Amino acid sequence: MLDGKKTLFSGMQATGNLTLGNYLGALKNWVSLSDDYLTFYSVVDMHSITIRQDPAELRKRARTLLTLYIAAGLDPEKNCIYYQSHVSGHAELAWILNCFTYMGELNRMTQFKDKAAKHADNINAGLFTYPVLMAADILLYQTDVVPVGIDQMQHLELTRDIAIRFNNLYGDVFTIPEAYIGKSGAKIMSLQDPSKKMSKSDENPNGSIYLMDDPDTIIRKCKRAVTDSEACVRYRDEQPGIKNLIDIYCACLNKTPDEVEREFDGKGYGDFKLAVGEAVVSVLKPLQDRFADLSKNKDYLDKVIKENAEKASWYSNKTLRKVQKKIGFPERIR
Ligand code: TRP
C-alpha cells in the first residue's frame, strides 16, 4: 500500500523483440489493471546485464520497450513507467536483501540453473542474485500484487520469503506481495511448435509474431501456422495448433472459444487462419501507429522518462530510508 492505494509492480526486460505473446499475456493485462492500483511498470535494464549485452543495442531496446508500454495503452500520467537503472534504490535495497538471502535458496532457482547452462562462459554473481534484485524491485514499492508469468512464480515466492524473514526480524517493514496470474487463454504458444511458448528468443522467426511485424507478415505467419489434419476448428488439447490460434483470436477480439467454434463451424482452416491474422492485425496496427507517433515526439518521451523516474525515486526512497534505519545504518544529517 502506498498513499492508501493498493500497489502493483511489474517489469519486463528489453531483450529481444517483443512478441504477440508478451502483449496478450502481459502488457494487455497491465493495461486492464492500471485503473485499480497505484502502478509501477519498469523496464528492468539492470536485470538485462546479467547476460552480456551490446551497449548501444541495450539502450535502443530499452527505449523501444518503454515506448511500447505507452503505445500499448499505459497512460504515463497515471502509471509510473520508468527505467530501473534511473532509480538507485533498486541497487541499494538489492544489496541489503542480499544479506538476508541464503545461497541455498538461490541455488534452487530453476531459472538460474537454465541460464547458467545456456551461458556457461559467463556465470556471473549477478545472474545468481538476479532474484534478489527482483525482490528489491517489488518490495521497494510496498507492492500488493505482481502480474507475472508462471516462469517467475519461484522468484515471487522467494521475494515473499525474504520479506517475511525481514519483517520477523524488524517489524512490519514490507508489504507481502501476491502474484497476479492473468486470465487463462493468455498463454500464447509458438505458431511452428504449439508445445512451446511463443518466445522472443525463438530461432525460427515464423514461430513468433513480433509486435512490429507488418500486416502482410502477420497474415503470412498465421497462414503458415502448424495445425493438424482434423479439418475442424475445435478448442481441444488434441489439436494444439488450432487451440493456440483460437486462444489468439479470442484474446485479440475478446471472444470465448465457444463463440469461435460456432463462428467457424463447417469452415476450413484457410478461412480461420486468415481471420486470426486479421484479428491480430486489428490489434497490432493501431499499436504500431501509436508507437510511430510517440517515437517522433522525443521531447515528450524524455519528459515522461524524467518525471516518472523522479516519482519512482520518491516512493522507493520512503521504503529504503525505513529499511536503512531498521538495520542500523547511521541517520542522514539534513
Ligand atoms: N524477471 C522478470 C522476467 O524476466 C522481470 C522482472 C524483473 C520482474 N523484476 C520484476 C517482473 C519484478 C515482476 C516484478 O520476466
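This report walks through the ligand site, the aromatic pairs and a handful of individual residues in a predicted model.

**Around the ligand**

Let's start with the ligand. There are 13 residues around the ligand, and Phe9, Tyr130, Met134, Asp137 and Gln152 come nearest. Sorted by class, the shell has seven nonpolar residues, five polar ones and one charged one. Where do these residues come from? Helix 7 gives the largest share of the shell, four residues. Strand 1 (7-12) and helix 7 (125-140) each put in at least two.

Three side chains have polar atoms close enough to a ligand nitrogen to be worth listing:

| Side chain | Partner | Distance |
|---|---|---|
| Tyrosine 130, polar atom | Ligand nitrogen | 2.7 Å |
| Aspartate 137, N or O atom | Ligand nitrogen | 2.7 Å |
| Glutamine 152, N or O atom | Ligand nitrogen | 3.0 Å |

How much of the ligand does the protein cover? On its own the ligand exposes 370 Å², and the protein buries 89% of that.

**Aromatic pairs**

On to the rings. The structure holds 15 aromatic pairs. One of them joins phenylalanine 40 and tyrosine 315, with 5.7 Å from centre to centre and 85° between the planes, an edge-to-face arrangement. Phenylalanine 40 sits in strand 2 (residues 38-43) and tyrosine 315 in helix 13, so this pair ties together parts of the chain that are 275 residues apart in sequence. Both phenylalanine 40 and tyrosine 315 are buried.

A second pair to look at is phenylalanine 264 with phenylalanine 272. The ring centres of phenylalanine 264 and phenylalanine 272 are 4.9 Å apart and the planes stand at 70°, so this pair is edge-to-face. Phenylalanine 264 counts as buried because its relative accessibility is 6%, and phenylalanine 272 is buried with a relative accessible area of 0%.

There is also an aromatic cluster, made up of Phe9, Phe40, Tyr82, Tyr141, Trp314 and Tyr315. Some of those names have come up already: Phe9 is among the residues that come nearest to the ligand, while Phe40 and Tyr315 are the edge-to-face pair described above.

**Along helix 13**

Tyrosine 315 has a couple of helix 13 companions to look at. Serine 316 lies in helix 13 and is buried, with a relative accessible area of 1%. What does serine 316 touch, leaving aside its neighbours within four places in sequence? Serine 316 is in contact with Val87, Leu140 and Tyr141, and Tyr141 is one of the members of the aromatic cluster. A polar atom of the serine 316 side chain also lies 3.1 Å from the backbone oxygen of serine 313. Serine 316 and aspartate 137 are 179 residues apart in sequence, yet their C-alpha atoms are 9.1 Å apart in space. Aspartate 137, remember, is one of the side chains listed in the table, at 2.7 Å from a ligand nitrogen.

Threonine 319 is also in helix 13, which spans residues 298-327. Threonine 319 is buried too, at a relative accessible area of 3%. Not counting residues up to four places away in sequence, threonine 319 touches Leu139, Leu140, Gln142 and Phe174. Leu140 thus turns up in the contacts of threonine 319 and in those of serine 316.

**Two positive phi angles**

Most residues other than glycine have a negative phi. Glutamine 142, one of the residues that threonine 319 touches, has a positive phi of about 50° although it is not a glycine. Glutamine 142 lies in the loop between helix 7 and strand 4 (145-147) and counts as buried at 8% relative accessibility.

Aspartate 3 has a positive phi of about 50° as well, and again it is not a glycine. Is aspartate 3 buried or exposed? Aspartate 3 is exposed, with a relative accessible area of 54%, and is found in the segment before strand 1.

**Two more helices**

Back on helix 7, alanine 125 counts as exposed at 58% relative accessibility. Alanine 125 and glutamate 92 are 33 residues apart in sequence, with 16 Å between their C-alpha atoms.

Finally, which residues of helix 9 (residues 215-223) are buried? The buried ones are Thr217, Ile218, Ile219, Lys221 and Cys222. These buried residues of helix 9 pack against helix 12 (269-296).

Note on methods. Residues numbered from 1 in each chain as written. Predicted model: local features only at pLDDT ≥ 70, side-chain atom pairs only at ≥ 80, totals over all residues. Heavy atoms only, no water. Buried < 20%, exposed > 50% of the residue type's maximum accessible area, 1.4 Å probe, protein only. Contact = heavy atoms within 4.5 Å. Near = heavy atom within 4 Å. Polar contact = N/O pair within 3.5 Å; in protein donor to acceptor, adjacent residues only side chain to side chain. Areas by Shrake-Rupley, 256 points an atom, 1.4 Å probe, with all protein chains shown as cover. Nonpolar A, V, L, I, M, F, W, Y, C, P; charged D, E, K, R; others polar. Phe/Tyr/Trp six-rings, centres within 6.5 Å; stacked < 30°, edge-to-face > 60°.
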